[in-house]
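This report covers charge pairs, a surface patch and one strand residue. Please keep the sequence and model at hand.

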Amino acid sequence: MKGLVIKNTGSWYTVLTDDGQLLDCKVKGNFRIKGIRSTNPVAVGDRVTVNDENWITEIEDRRNYIIRKSINLSKQSHILAANVDQALLVVTVAKPETSTTFIDRFLASAEAYRVPVILIFNKVDMLNDDERHYQQMMMELYETVGYECRAISAETGEGVEELRPLLDGKITLLSGNSGVGKSTLINRLVPHANQRTAEISDAHQTGMHTTTFSEMISLPPAPSKGKGSLNGLESPPLLGGGWGEAGWLIDTPGIKGFGTFDIEREELTSYFKEIFEFSKQCRFSDCTHTHEPGCAVLKAVEDHYIAQSRYQSYLSMLDDKDENKYREAY
């Protein structure tokens with residue numbers, strides 16, 4: 001039987017079958033090593049085939065996915081989610097501060113796998129004047145590059161309602177560093193999701209992991225669409241009007257770093273939108289934009305048409321191939 005993987009705990013998978021059943025499934029050991037260099041060969045969002053003994057026997061071809069390098073196993077990847085329509089990257093300029101390197105690495109990886117990204121700047125209610133100014137500069141930078149940005153407070157609800165039209169009818173990956181407020185945002189969007197939240201560590205201004213596994217959460221229908229299932233794991237599916245009809249949110253554990261995986265050096269330029277545009281004017285077609293004469297990208301950085309932070313992120317990703325390791329700081 002066919003179904004959708006809506007939860008992955010690392011040891012078992014919850015599959016929502018096409019006829020509305022919820023099955024706890026396993027993956028056979030030999031399935032894990034069939035040329036799949038991943039710590040999780042089956043990911044939330046996968047369409048799968050399940051046999052009568054609740055073993056997952058087949059994964060349908062994915063239309064896209066978000067992937068990063070495994071923290072402990074540099075030769076392997078970790079798939080955050082598959083078959084998504086878009087990603088919301090939740091970031092904060094303070095308490096904790098999300099680094100531009102992390103943002104740029106996520107954006108480049110999403111470009112590589114054809115996943116549109118919207119940047120959600122959370123915790124606007126907690127910012128002082130200097131932090132608000134810095135956030136405005138950050139938003140202007142990424143909007144100029146071509147990414148939609150929204151400023152919200154998941155805590156107070158400011159700006160959250162305006163996100164709903166962006167989510168309706170879509171499968172949306174929610175990602176970001178630990179502590180940026182993903183669980184609080186989910187509780188706003190899906191009132192009965194009951195996601196756990198935790199305080200920020202005062203000592204290091206970092207977040208604590210409250211989500212320990214990936215999970216798809218069914219969005220409630222918009223008010224104009226009537227009532228329906230509020231949480232895919234609490235209410236029974238209704239044929240023609242149940243789970244996922246209004247859209248899905250994929251909640252993932254908070255991540256400290258984003259190591260890129262299987263992105264070749266010669267491809268990297270095309271995953272930075274503004275660098276790619278200027279690269280068309282470089283003297284050499286194989287320009288790496290690091291030292292070559294006649295490099296239009298270096299000239300654009302010098303003239304401030306390309307942000308220094310974006311260029312430094314590009315260089316750090318070039319370094320990944322040289323050092324063949326995952327940098328925890330990113």
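## A buried pair

Asp104 and Arg310 are both buried. The model is predicted. These two side chains form a salt bridge, with the closest N and O atoms 2.9 Å apart. Asp104 sits in helix H2 (residues 100-112) and Arg310 in helix H9 (residues 308-323), so the bridge ties together parts that are 206 residues apart in sequence.

The pair belongs to a wider arrangement. Asp104, Glu274 and Arg310 are linked in a network of salt bridges.

## A second link to helix H2

Helix H2 also holds Glu111, while Lys273 lies in helix H7 (residues 273-279), so their pairing ties together parts that are 162 residues apart in sequence. The two side chains meet in a salt bridge at 3.7 Å, N to O.

What is the exposure of these two partners? Lys273 has a relative accessible area of 29%, so it counts as partly exposed. Glu111 is partly exposed as well, because its relative accessible area is 26%. Asp104 and Arg310, by contrast, are buried.

## The pair at strand S1

A search of the whole structure finds twelve salt bridges. One of them joins Lys2 and Glu60, with the closest N and O atoms 3.9 Å apart. This pair links distant parts of the chain, 58 residues apart. Lys2 is in strand S1 (residues 2-8). Glu60 is in the loop between strand S5 (55-59) and strand S6 (65-69).

Both partners are partly exposed. The relative accessible area is 36% for Lys2 and 27% for Glu60.

## Thr17 in strand S2

Lys2 has another role in the contact picture. Thr17 touches Lys2, along with Met1, Gly3 and Leu23, leaving aside residues up to four places away in sequence. Thr17 is found in strand S2 (residues 13-17).

Is Thr17 buried or exposed? Thr17 counts as buried, because its relative accessibility is 3%. Its contact Lys2 is partly exposed, at 36%.

## A negative patch

Which residues form the negative surface patch? They are Asp125, Glu155, Glu158, Glu161 and Glu162.

Glu158 can be placed in detail. It is in the loop between strand S10 (148-151) and helix H4 (164-167). Glu158 counts as partly exposed because its relative accessibility is 48%. Patch residues carry no salt bridge by definition, so Glu158 stands apart from the paired side chains described above.

Definitions and conventions:
Residues numbered from 1 in each chain as written. Predicted model: local features only at pLDDT ≥ 70, side-chain atom pairs only at ≥ 80, totals over all residues. Heavy atoms only, no water. Patch = residues over 30% accessible without salt bridge, like charges linked within 9 Å, V, L, I, M, F, W, Y side chains within 5 Å. Areas by Shrake-Rupley, 256 points an atom, 1.4 Å probe, with all protein chains shown as cover. Salt bridge = Lys/Arg side-chain N within 4 Å of Asp/Glu carboxyl O. Lys, Arg positive; Asp, Glu negative; His and termini not counted. Charge placed at Lys NZ, Arg CZ, Asp CG, Glu CD. Helix = DSSP H or I, 4+ residues; strand = E, 2+ residues; numbered from the N terminus. Buried < 20%, exposed > 50% of the residue type's maximum accessible area, 1.4 Å probe, protein only. Contact = heavy atoms within 4.5 Å.
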